[in-house]
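Please work through the exercises below with the sequence and the model side by side, trying each task before reading its solution.

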Amino acid sequence: MLYLPAMPSSAVKGFPSEIESTFVELSQQCASIVEAVCGSGARAKDVSDRFGVHAKLGWQIWNVANAPSLGALRYLPTPPGLKSWRQAAEARSVPASLLSRFDAAVADVERVIERHADDREMFEMLLDAEEHDADAELRWRKQAFLGNSFTFGARARCTVAAAILFPAPGSPAIGMVRLNGLVDLVRTRAGIRWPFSSLVVEQSGDSRIPGREPLVPSKHVAPLIPEFCSEPIPEIERRQEGDVAFDELLPTSVGLTGAGTIFTGEIIRELGSPYGQKPGEVAYFGTGIRTPSEVLVCDHIVHRSLFPGVQRELRVYSELASPTARSEADRIEVHERLNDLGFGLHRVRTADVPQYAGLLETAFEKANLDPEEFHVFRVVMRYPPIPASVMIRHPLLDPPQ
């Protein structure tokens with residue numbers, strides 16, 4: 001949990017607007033040539049048939065001609081493809097004036113591409129970043145997941161993080177039940193230790209490690225919940241670095257034969273104050289993502305008496321500069337949003353985490369809490385970026401007078 005001053009947002013200009021103007025011109029010239037040969041209202045198949053080009057090239061040209069936005073640049077044929085289509089247009093007696101304008105538009109687009117990108121792949125990345133397309137975002141994040149799985153030597157089917165916030169009995173502070181899990185963690189290289197849990201709390205710039213106790217009594221060094229771990233339970237070691245304690249999974253065999261699932265649970269009796277120390281402070285609750293994962297399930301479960309009326313929103317921050325970065329300069333734009341699942345545990349089941357409802361029921365039972373008194377918010381993120389923090393943020397309330 002972090003309490004930080006609210007940061008002003010600032011817009012950063014994306015891919016230069018010049019590519020848009022040049023592409024609009026190319027789109028118009030393609031549309032004019034298509035209409036000259038096929039008439040108005042032509043379909044992609046008409047372009048292929050009337051120009052005598054293969055189906056893919058006709059489909060590409062049709063998209064460029066009919067979708068004059070940056071997204072349609074993904075359909076731009078390669079230079080040989082454009083040359084082939086132009087030759088087909090010339091063979092069908094398209095006026096030289098149209099062909100001349102088409103040539104000029106192609107040359108302009110190629111100059112802009114060459115100025116801003118080393119190759120076609122980089123150019124498409126720039127386009128996707130500018131367009132903020134959800135499918136493109138997921139495609140790039142999946143590529144990063146695969147590369148990170150190889151580079152770092154491990155991958156998980158699912159990363160799980162849940163925080164249950166409750167009023168600390170006899171204290172003005174907040175208490176928290178903290179659940180962490182890795183489902184089907186697989187090593188992709190031999191000899192890889194894997195850190196899976198750590199905790200630091202920062203309030204008004206003061207970092208500390210709060211008192212923690214296992215949710216379930218365990219003989220293991222980490223606060224495991226054995227009922228929900230795979231058998232045999234993965235071997236674990238706790239490592240201390242300064243003020244931070246890391247729980248690490250020890251090396252195991254490579255591939256599915258060494259796959260394991262692990263869940264930990266802790267109770268933190270006094271996490272911090274629910275009120276701001278200064279005007280305009282913002283609370284951040286969430287988790288750091290360190291494991292390449294196919295999906296993240298992050299639940300934020302809050303007692304109805306805490307933070308009444310606040311508006312919560314999802315924020316994802318790069319941790320390349322700092323593990324506690326919360327500046328808008330470090331923000332990663334994502335299409336996922338915070339989902340409101342209502343009160344109680346009626347809608348918490350998910351196919352991504354076997355027995356997850358049972359895990360949360362166990363947590364509430366061990367902490368002696370009534371789930372019907374708690375509001376559940378959830379973030380589901382496919383191929384979450386690493387290293388990053390996935391945070392739920394909202395303004396803090398002023399202290400009572």
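**Exercise 1. Threonine 291 and its surroundings**

Task: In this predicted model, find the side chain with which the side chain of threonine 291 makes a polar contact, and then decide whether threonine 291 is buried or exposed.

Solution. Step 1: the side chain of threonine 291 makes a polar contact with the side chain of tryptophan 194, at 2.7 Å. Step 2: threonine 291 belongs to the loop that runs between β12 (281–289) and β13 (295–303). Step 3: the relative accessibility of threonine 291 is 5%, and buried means under 20%, so threonine 291 counts as buried. Step 4: setting aside residues up to four places away in sequence, threonine 291 touches Ala156, Thr159, Leu182, Leu185, Trp194 and Ile386.

**Exercise 2. Backbone features in loops**

Task: Locate the cis peptide bond that ends at proline 232 and the one that ends at proline 387, and say in which loop each proline is found.

Solution. Step 1: as background, most residues other than glycine have a negative phi, and most peptide bonds are trans. Step 2: the bond from glutamate 231 to proline 232 is cis, with omega near -5°, and proline 232 has its place in the loop between β8 (213–214) and β9 (236–241). Step 3: isoleucine 386 and proline 387 are likewise joined by a cis peptide bond, here with omega of about -10°, and proline 387 is in the loop between β16 (374–382) and β17 (388–395).

Task: For phenylalanine 307 and tyrosine 383, work out what the sign of phi is and whether each residue is buried or exposed.

Solution. Step 1: phenylalanine 307 is not a glycine, yet its phi is positive, at about 50°. Step 2: phenylalanine 307 is in the loop between β13 and β14 (313–318), and with a relative accessible area of 4% it is buried. Step 3: tyrosine 383, also not a glycine, has a positive phi of about 50° and lies in the loop between β16 and β17. Step 4: tyrosine 383 has a relative accessibility of 15%, and therefore counts as buried.

**Exercise 3. A nonpolar core and a pair of helices**

Task: Describe the largest nonpolar core, and then follow the contacts of leucine 26 and valine 109.

Solution. Step 1: the largest nonpolar core holds 36 residues, and those with the most contacts inside it are Leu26, Ile33, Phe51, Leu73, Leu76, Trp85 and Phe102. Step 2: the elements that contribute two or more residues to this core are α1 (18–38), α2 (44–51), α3 (55–66), α4 (79–91), α5 (96–116) and α6 (120–131). Step 3: apart from residues up to four places away in sequence, leucine 26 touches Leu76, Phe102, Ala105, Val106 and Val109. Step 4: valine 109 is in helix α5 and, at 1% relative accessibility, counts as buried; with the residues up to four places away again left out, valine 109 touches Thr22, Phe23, Leu26 and Leu76.

Task: Determine how the axes of α4 and α5 are arranged, and which residues make the contact.

Solution. Step 1: the two axes come within 11 Å and cross at roughly 175°. Step 2: angles over 145 degrees count as roughly antiparallel, and α4 and α5 are therefore roughly antiparallel to each other. Step 3: Pro79, Leu82, Trp85, Arg86, Ala89 and Glu90 of α4 make the contact with Leu99, Phe102, Asp103, Val106 and Glu110 of α5. Step 4: these contact residues divide into seven nonpolar, no polar and four charged.

**Exercise 4. Helix α8 and strand β16**

Task: Name the buried residues of α8 and the elements against which they pack, and then place methionine 381.

Solution. Step 1: in helix α8 (residues 356–366), the buried residues are Tyr356, Ala357, Leu359, Leu360, Thr362, Ala363 and Phe364. Step 2: these residues pack against β3 (158–167), β4 (174–187), β11 (260–272), β13 and β16. Step 3: methionine 381 is in strand β16, and its relative accessible area of 0% makes it buried. Step 4: methionine 381 and valine 295 are 86 residues apart in sequence, yet their C-alpha atoms are 5.5 Å apart in space.

Definitions and conventions: Residues are numbered from 1 along each chain as its sequence is written. This is a predicted model: local features need pLDDT of at least 70, side-chain atom pairs count only at pLDDT 80 or more; totals for chains, interfaces and linings use all residues. Side-chain values use heavy atoms; hydrogens and water are left out. Helices (H or I, at least four residues) and strands (E, at least two) are DSSP runs, numbered from the N terminus. Buried means under 20% relative accessible area, exposed over 50%, partly exposed in between (1.4 Å probe, protein chains only). A polar contact is a pair of N or O atoms within 3.5 Å; within protein, one must be able to donate a hydrogen and the other to accept it, and residues adjacent in sequence count only if both atoms are side-chain atoms. Contact means heavy atoms within 4.5 Å. A nonpolar core is a set of buried Ala, Val, Leu, Ile, Met, Phe, Trp, Tyr and Cys residues joined through side-chain atoms within 4.5 Å. Axes are lines fitted to C-alpha atoms, for helices over the stretch in contact, and angles run from 0 to 180 degrees between N-to-C directions. Angles under 35 degrees count as roughly parallel, over 145 as roughly antiparallel, 65 to 115 as roughly perpendicular and the rest as oblique. Ala, Val, Leu, Ile, Met, Phe, Trp, Tyr, Cys and Pro count as nonpolar, Asp, Glu, Lys and Arg as charged, and the others, Gly among them, as polar.
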